[in-house]
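Colleague: I have a new structure on my screen and would love to talk it through with you. Could we go over the pockets, the core and a few single residues?

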Amino acid sequence: MGATNLPKSWADVSLKQLIQIEEITNDKSLDKDFAPEYTRGLLKLSVFTGESLDYYEALPIKEGRALIQSISFLNEYPKETAVNKFKCGGYTWKVSCDVNNLSGGQVIDHYEFTKNQDKILANCNKLMAMYCTPYKYFRKVKLSDKEKGELLQDVPVQVVYPLTVFFCKVYPLFLKATTDYLEKATEDLKKEMETNQERATVAG
């Protein structure tokens, strides 16, 4: 019946699936359907089971509604509970939301990923890669931010949500931090160019 893979709570929903769910929720083209919310519900079922929309549309309405009702928890986000450690992709991940540990390049990336708040969720795995460190058998595992980001697409939403809220709140700080960083980098480059020119003049 296509119900065996349906999640029972946010703990069973991955970041990748949440992004798909949000896209369905915000898809304005579905408003033209005869029953847009019913169609959205069926499409959300498809995200979890892999069954086609045609499969669900062929079910009796009563059955379709019952399945949609079983994932009604999606209508409310999970509680914003601080997360310090979680498991994903065969690793234990430790979370450190200390922005002072980020490199200059990461500060700029953070700014780029969050400057459009509508895109924060889509970039959440990349943002989490900056703040989450993987461990295996109590030893830190060295992975690039790209490698970590790929693994973190499968992190449960109950972990993702509080960090997404954090990313939204920290954005104004990064706006100033990025500006300061770029100004300093520009000033350093200017000084370096002036020094090189002076050396060239002396050498000539």
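Modeller: Happy to; what follows is a set of questions and answers on this predicted model.

Colleague: Let's begin with open space. Which residues lie closest to the centre of the largest pocket?

Modeller: The largest pocket has a volume of about 400 Å³. Its lining is made of 16 residues. The closest to the centre are Glu 22, Gln 117, Asp 118, Leu 121 and Ala 122.

Colleague: And which helices each supply at least two residues of that lining?

Modeller: By residue type, the lining of the largest pocket divides into 9 nonpolar, 3 polar and 4 charged. Seen by element, the helices that each supply at least two of its residues are helix 1 (15-25) and helix 8 (157-203).

Colleague: Now the second largest pocket. Which element gives the most to its lining?

Modeller: This pocket has a volume of about 190 Å³, and 13 residues line it, with Ser 96, Asn 101, Met 130, Tyr 131 and Thr 133 nearest its centre. The lining holds 5 nonpolar, 4 polar and 4 charged residues. Helix 6 (124-131), strand 3 (132-136) and helix 7 (145-151) each supply at least two of them. The most, 3 residues, comes from helix 6.

Colleague: Gln 106 caught my eye. With which side chain does the side chain of Gln 106 make a polar contact?

Modeller: Gln 106 sits in helix 5 (residues 104-114). Apart from neighbours within four places in sequence, Gln 106 is in contact with Asn 101, Met 130 and Asp 145. The polar contact between side chains, at 3.0 Å, is with Asp 145.

Colleague: Is Gln 106 buried or exposed?

Modeller: The relative accessible area of Gln 106 is 15%. Buried means under 20%, so Gln 106 counts as buried.

Colleague: What about Gln 17: buried or exposed?

Modeller: Gln 17 is found in helix 1. Not counting residues up to four places away in sequence, Gln 17 touches Asp 12, Val 47 and Phe 48. The relative accessibility of Gln 17 is 18%, and because the cut-off is under 20%, Gln 17 counts as buried.

Colleague: Let's turn to the largest nonpolar core. Which element provides its largest share?

Modeller: This core has 45 residues, and those with the most contacts inside it are Phe 48, Leu 74, Phe 86, Met 128, Val 155 and Phe 167. Two or more residues come from each of helix 1, helix 2 (36-49), strand 1 (85-88), strand 2 (91-95), helix 5, helix 6 and helix 8. The largest share, 6 residues, is from helix 6.

Colleague: Which residues is Leu 74 in contact with, leaving aside its neighbours within four places in sequence?

Modeller: Leu 74 is among the residues with the most contacts inside the largest nonpolar core. With those sequence neighbours left aside, the contacts of Leu 74 are Trp 10, Val 13, Ile 21 and Phe 48.

Colleague: One last stop, the loop between strand 3 and strand 4. What is the phi of Tyr 137 there?

Modeller: Tyr 137 lies in that loop, before strand 4 (139-140), and at 72% relative accessibility Tyr 137 counts as exposed. Tyr 137 is not a glycine, yet its phi is positive, at about 55°.

Colleague: And Phe 138: buried or exposed?

Modeller: Phe 138 is also placed in the loop between strand 3 and strand 4. Its phi is positive too, about 70°, although Phe 138 is not a glycine. The relative accessibility of Phe 138 is 84%, and since exposed means over 50%, Phe 138 counts as exposed.

Note on methods: Residues numbered from 1 in each chain as written. Predicted model: local features only at pLDDT ≥ 70, side-chain atom pairs only at ≥ 80, totals over all residues. Heavy atoms only, no water. 1 Å grid on protein atoms, 1.4 Å probe; cavity = no way out; pocket = protein on both sides within 12 Å on 5 of 7 lines; lining within 4 Å. Points joined across faces, edges and corners; volume = space filled by probe spheres on them. Helix = DSSP H or I, 4+ residues; strand = E, 2+ residues; numbered from the N terminus. Nonpolar A, V, L, I, M, F, W, Y, C, P; charged D, E, K, R; others polar. Buried < 20%, exposed > 50% of the residue type's maximum accessible area, 1.4 Å probe, protein only. Polar contact = N/O pair within 3.5 Å; in protein donor to acceptor, adjacent residues only side chain to side chain. Contact = heavy atoms within 4.5 Å. Core = buried A, V, L, I, M, F, W, Y, C linked by side-chain atoms within 4.5 Å.
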